[in-house]
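Notebook open, model loaded. I'll write down what I looked up, in the order I looked.

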Amino acid sequence: MGALTPLVVASWTGELGSFIFLPVISVVVGTSLPALLYDAERMQVEDRNYYGAGTQISQLESFVRDECKSGRIKKLDDGLKYFDQLISQRPLPSNATFCHVLGSLSKIKCHSDVILLHKKMSLVGVQPDIFTFTILINCCCKLGKVDHGFCFLGEIIKRGYHPDTITFYTHERVVSTRED
């Protein structure tokens with residue numbers, strides 16, 4: 001195993017703006033970890049994956065994701081507050097941030113509210129992805145509306161997404177428990 005090395009603080013200013021690389025954690029030399037890039041002018045965070053591709057997310061999105069991941073959303077009102085802030089933001093945040101909120105609300109058993117929020121997302125132009133549909137299938141099944149879950153599964157296939165093991169497991173687990 002390699003030695004731990006702190007990330008270096010660096011900045012760059014050019015035609016496109018100013019960027020500041022902030023140290024976040026120590027990394028093992030020779031490994032590739034996600035990097036955070038703060039845009040000094042727009043105050044946005046670039047979320048980089050292991051392959052180097054990144055997407056711009058706002059501070060609000062970053063904050064909401066952190067709140068959801070940490071489990072701090074304990075009440076429906078907390079999730080609705082974040083959801084309303086996200087849909088009022090322009091440009092609209094990424095679907096991934098909405099999925100964090102929907103997933104958190106699903107964990108606190110607000111299943112019918114998650115389905116209603118999905119409809120609201122569609123009305124404002126947020127396109128669902130495979131993760132959104134998996135959350136929706138789970139909520140439908142938890143509400144005992146397995147037929148609606150099958151509709152969402154059909155929507156996944158219709159849109160050309162490839163359901164993963166988790167999507168099928170979520171649906172089949174509930175179907176099999178209903179048959180017992």
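**Pocket.** I started with the lining of the largest pocket, where H3 gives the largest share, six residues. This is a predicted model, so everything I note here is computed from predicted coordinates. Two elements give two or more residues to that lining: helix H3, residues 95-107, and helix H5, residues 130-142. I then wrote out the lining residues: Ala96, Cys99, His100, Gly103, Ser106, Lys107, Asp129, Phe131, Thr134, Ile135 and Asn138. By character they split into five polar, four nonpolar and two charged. For the volume of this largest pocket I got about 360 Å³.

**Cys99.** I picked one lining residue, Cys99, to follow up. Cys99 sits in helix H3. Is Cys99 buried or exposed? Its relative accessibility is 10%, so I put Cys99 down as buried, the cut-off being under 20%. I also checked how Cys99 stands to Asp129, another name on the lining list. Their C-alpha atoms are 9.1 Å apart in space, with their positions 30 residues apart in sequence.

**Overall layout.** Next I stepped back to the whole chain. I count seven helices and seven strands in the secondary structure. In what order do the elements run from the N terminus? The strands are listed ahead of the helices: β-β-β-β-β-β-β-α-α-α-α-α-α-α. The protein has 180 residues, and 36% of them count as buried.

**Core.** Then I looked at the largest nonpolar core, which has 29 residues. Which members touch the most other members? I noted Phe83, Phe98, Val101, Leu105 and Val114. Elements giving two or more residues to this core are H1 (59-70), H2 (76-88), H3, H4 (111-124), H5 and H6 (146-158). The largest share, eight residues, comes from H5. So I have H5 on two lists now: it is the top contributor to this core, and it is also one of the two elements named for the pocket lining.

**Leu136 and what lies across from it.** I stayed with H5 and took Leu136, which is found in that helix. Its relative accessible area is 0%, so Leu136 is buried. From there I took two C-alpha distances. Leu136 to Leu153 is 9.4 Å, for a separation of 17 residues along the chain. Leu136 to His148 is 9.1 Å, with the two 12 residues apart in sequence. His148 lies in helix H6. Unlike Leu136, which is buried, His148 comes out as partly exposed because its relative accessible area is 40%.

**Loop between H2 and H3.** Here I was after backbone oddities. Which bond is cis? The peptide bond joining Arg90 and Pro91 is, with omega at about -5°. Pro91 is in the loop between H2 and H3, and I find Ser94 in the loop between H2 and H3 as well. Ser94 has 29% relative accessibility, so I logged it as partly exposed. Its C-alpha is 7.7 Å from that of Val126, although the two are 32 residues apart in sequence.

**Loop between H3 and H4.** My backbone check also turned up Lys109, whose phi is near 65°, a positive value in a residue other than glycine. Lys109 lies in the loop between H3 and H4. With a relative accessible area of 66%, Lys109 is exposed.

**Cysteines.** How many disulfides does a search of the whole structure find? Zero. I looked at Cys151 in particular, which is in no disulfide. Its nearest cysteine sulfur belongs to Cys140 and is 8.2 Å away; a disulfide needs the sulfurs within 2.5 Å. Cys151 is exposed, since its relative accessibility is 55%. Cys68, by contrast, counts as buried because its relative accessibility is 6%.

**Record check.** Last, I went to UniProt. The unreviewed entry lists residues 129-163 for "repeat: PPR". In the model that span is 74% helix and 0% strand. I put the C-alpha atoms at its two ends 10 Å apart.

Technical notes. Residues numbered from 1 in each chain as written. Predicted model: local features only at pLDDT ≥ 70, side-chain atom pairs only at ≥ 80, totals over all residues. Heavy atoms only, no water. UniProt positions renumbered as here; feature names shortened; annotations may be inferred. Helix = DSSP H or I, 4+ residues; strand = E, 2+ residues; numbered from the N terminus. Buried < 20%, exposed > 50% of the residue type's maximum accessible area, 1.4 Å probe, protein only. 1 Å grid on protein atoms, 1.4 Å probe; cavity = no way out; pocket = protein on both sides within 12 Å on 5 of 7 lines; lining within 4 Å. Points joined across faces, edges and corners; volume = space filled by probe spheres on them. Nonpolar A, V, L, I, M, F, W, Y, C, P; charged D, E, K, R; others polar. Core = buried A, V, L, I, M, F, W, Y, C linked by side-chain atoms within 4.5 Å.
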